[in-house]
Amino acid sequence: MTAATYWRALDRFRDIVAAHPDREAVIHADGRAATGLPEYRQLTYRELDDWSDALAENFLAAGLTPGTRCIVLVRPGPELYAVLYGLFKIGAVPVVIDPGMGLFKMLRCLSAADAEAFVAVPEAQAVRIVFRAYFRKIRLAVTVGRGFWRGPTLESWGRQPTAPLPDREPAPDDEPLLIGYTTGSTGPAKAVVLTHGNLSAMIDQVDDAREHVAPGTSLITAPVAGILELLLGSRCVLPPLIPSKVGATDPAHVVDAVRRFGVETMFASPAVLIPLLRHIQEHEVELPSLRSIYSGGAPVPDWCIAALREALPDQARVYSGYGATEALPMATIESRELLGDLVEQAHRGEGVCVGRPALGVRARVIAITDDPLPTWLDVDERAEELAGTRWIGELVVSGPNVSTRYLWPESANSLGKITDGDRIWHRTGDLARIDSDGRIWFCGRKSQRVETADGPMFTVQVEQIFNIVDGVARTALVGVGERGAQRPVLCVELEAGADGQAVEIQLRKRASEFEIASPIDDFLVHPGFPVDIRHNAKIGREKLAVWAAKHIDA
């Protein structure tokens, strides 16, 4: 019989419940007022604890045990956190995924999870029933919302436990806690195993990044941030948003939430921050309570960081975070350090500085290759190749928050992990350099590098040279043709009202001034770049390359 376990970090949660039972844990949008602004409801820490206990009790009664995988397809809100905490309390393993990746890609991913339970909104339950061949092992299905078929609903399980949960032991740090999928925006989606130790380390890293200042009230647009913030005692405010269209979040709703609830900390991607900044500027809005912003998902444009600094109170801090599903966070940098010489270096084509490694994280760069590197001895054999790429290589990281394995596909482990004695290095797939001060400079994705006859070109490194041209919203470097003889093409998204011909003249001038940009002779204006589903911020250069191939010389 499997021993009963739970996530050790929940001891923090119980301490908060005991000390502040009536503090709001989740403040969530629920309907709309006559003014057009959202209405909000609140769930206290005691209510969330009781609710998750009730769900844990029912999960146990249904036969879930430590290690049982449970697919969770629930919209961001109090139900999501109650379900996740309920599973964490019994050692079961939630499996979470972005539905926006596309139906059949999602079905293949979820089938590989080998899950036995399925907690989801009615639309997802309908998919499970129609495509039941993908979910043959499911023996428990719980509907979050109104169900039109047999089986329990979250509501039917209630919010009050009938008895205390049985005694359990903290699970070992190397046991799986959560399985999350990469977006698949720059390659196949992969199932990442995050252990109890991984997420516990993330809590400490978030606390360290905010300099151990109590979080107060936080605005959340990414569910994982909510998991961690609740364990630090935050009041988590969830504005209305669509997970697959975060960039469509109404900035007026964000401003309203910040002002109404006195939000002090905000977690958001550039897709949320850029419209928010424009709204603040256009309406001359002040946000006096806001003291820190943490952004991630894609590099935040330096002009956006600079403008946020101007718009926010003097004491406010703006952090640009860098991470991945497998390693979150990897590094952070605060605006005061970034703005100035580091930005100027980026505009000269030296990459984007994403800061120093997070607490406990080690980072190195290795020679660029698409081949497996099973051990560090294999890395050493190729070390001399780094000189040929100006010491830019693939970034590899290790640390307590870094996932050491994939559940699926198995081939991802041989391609994505390196054994170094007792240490496992994660190959990020990102190209970077590390300067003499230990700062990481992001230069682009390995899979998106442009391989010309004269050598490789790295996307983000080159794009920063052009992004400062007046009239340019953003740029994307892509390669057309066979790898090794690709033709570099710069796709350009213009600002509204910009003169395309005038912009191209300035782009060509910039290209002539920098050696790494000089091979570019083709500039194509694109109406609007494709972006990733999770953050709506990572540029889909693979799609742009296909588009460019059709339009080059057209």
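## A walk through the predicted model

C70 stands opposite P94, a residue of strand β5. The model in which this pair is found is a predicted one. C70 belongs to strand β4, which covers residues 69-73, and β5 covers residues 93-96. The two strands run parallel and are paired over three bridges. Strands of a sheet are held together by backbone hydrogen bonds, and the pairing can be either parallel or antiparallel.

Strand β4 has a second partner. Four bridges link β4 to strand β6 (residues 117-120), again in the parallel sense. Here L73 has A120 of β6 as its bridge partner. Four of the five residues of β4 are buried, so the strand is largely enclosed by the rest of the structure.

These strands belong to an open sheet of seven strands, in the order β7-β6-β4-β5-β9-β10-β20. The pairing in this sheet is mixed. Its edge strands are β7 (140-143) and β20 (406-408), each of which pairs on one side only. From one strand to the next, the twist averages 25°. An antiparallel pair in this sheet is formed by β9 (residues 176-181) and β10 (residues 191-195), joined by five bridges. Within that pair, L178 stands opposite L194 of β10.

Helices lie across the sheet. Helix α3 lies across β4, β5, β6 and β9, and its direction is at about 175° to that of β4. Together, β4, α3 and β5 make a β-α-β unit that is right-handed. Helix α5 (residues 122-130) lies across β4, β6 and β7, running at about 145° to β6.

What does α3 contribute to the nonpolar core? The largest nonpolar core has 60 residues, and W7, F59, Y85 and L230 touch the most other members. Helix α3, residues 78-88, supplies eight residues, the largest share of this core. F59 touches, among others further than four places away in sequence, V83, G86 and L87, as well as V119, L140 and W157. Apart from this core lies another, of 37 residues, among them V255, L277, L287 and L312.

V255 is one of the buried residues of helix α8. This helix covers residues 251-261 and is mostly covered, with eight of its 11 residues buried. Besides V255, the buried residues include P251, H253, D256 and F261. They pack against strands β2 (24-32), β3 (38-44), β11 (217-220), β12 (235-238) and β13 (265-268), and against helix α9 (270-283). At the start of α8, a side-chain oxygen of D250 comes to within 2.9 Å of the backbone nitrogen of A252. Just after the helix, G262 takes a positive phi of about 65°.

A charged side chain can also be followed through its surroundings. Is D49, in helix α2 (residues 45-61), buried or exposed? D49 is buried, with a relative accessible area of 8%. The side chains of D49 and R14 are joined by a polar contact of 2.8 Å. Leaving aside residues up to four places away in sequence, D49 touches F13, R14, V17 and K89.

Further along the chain, strand β19 (residues 393-398) is mostly covered, and six of its six residues are buried. Strand β18 (residues 362-366) pairs with β19 in the antiparallel sense over five bridges. In this pair, R362 stands opposite S398 of β19. Strand β22 (residues 423-434) also runs antiparallel to β19, joined to it by four bridges. There, G393 has A432 of β22 as its bridge partner.

The last stop is an open sheet of three strands, in the order β26-β27-β28, with mixed pairing. Strands β26 (472-480) and β28 (522-525) are at the edges, and each has a single partner strand, so one side of each is left without a neighbour in the sheet. On average, neighbouring strands of this sheet are turned by 25° against each other, direction ignored. Strand β27 (residues 487-494) pairs with β26 in the antiparallel sense over eight bridges. One bridge in this pair puts V480 with R487 of β27. Helix α15 (residues 459-466) packs on the sheet and touches β26, β27 and β28, with its direction at about 140° to that of β26. Helix α17 (residues 541-551) lies across β26, β27 and β28 too, and runs at about 75° to β26.

Technical notes: Residues numbered from 1 in each chain as written. Predicted model: local features only at pLDDT ≥ 70, side-chain atom pairs only at ≥ 80, totals over all residues. Heavy atoms only, no water. Core = buried A, V, L, I, M, F, W, Y, C linked by side-chain atoms within 4.5 Å. Buried < 20%, exposed > 50% of the residue type's maximum accessible area, 1.4 Å probe, protein only. Contact = heavy atoms within 4.5 Å. Pairing = 2+ DSSP bridges. Axes fitted to C-alpha atoms, helices over the stretch in contact; angles between N-to-C directions. Polar contact = N/O pair within 3.5 Å; in protein donor to acceptor, adjacent residues only side chain to side chain. Right-handed = clockwise from strand over helix to strand, strands pointing away.
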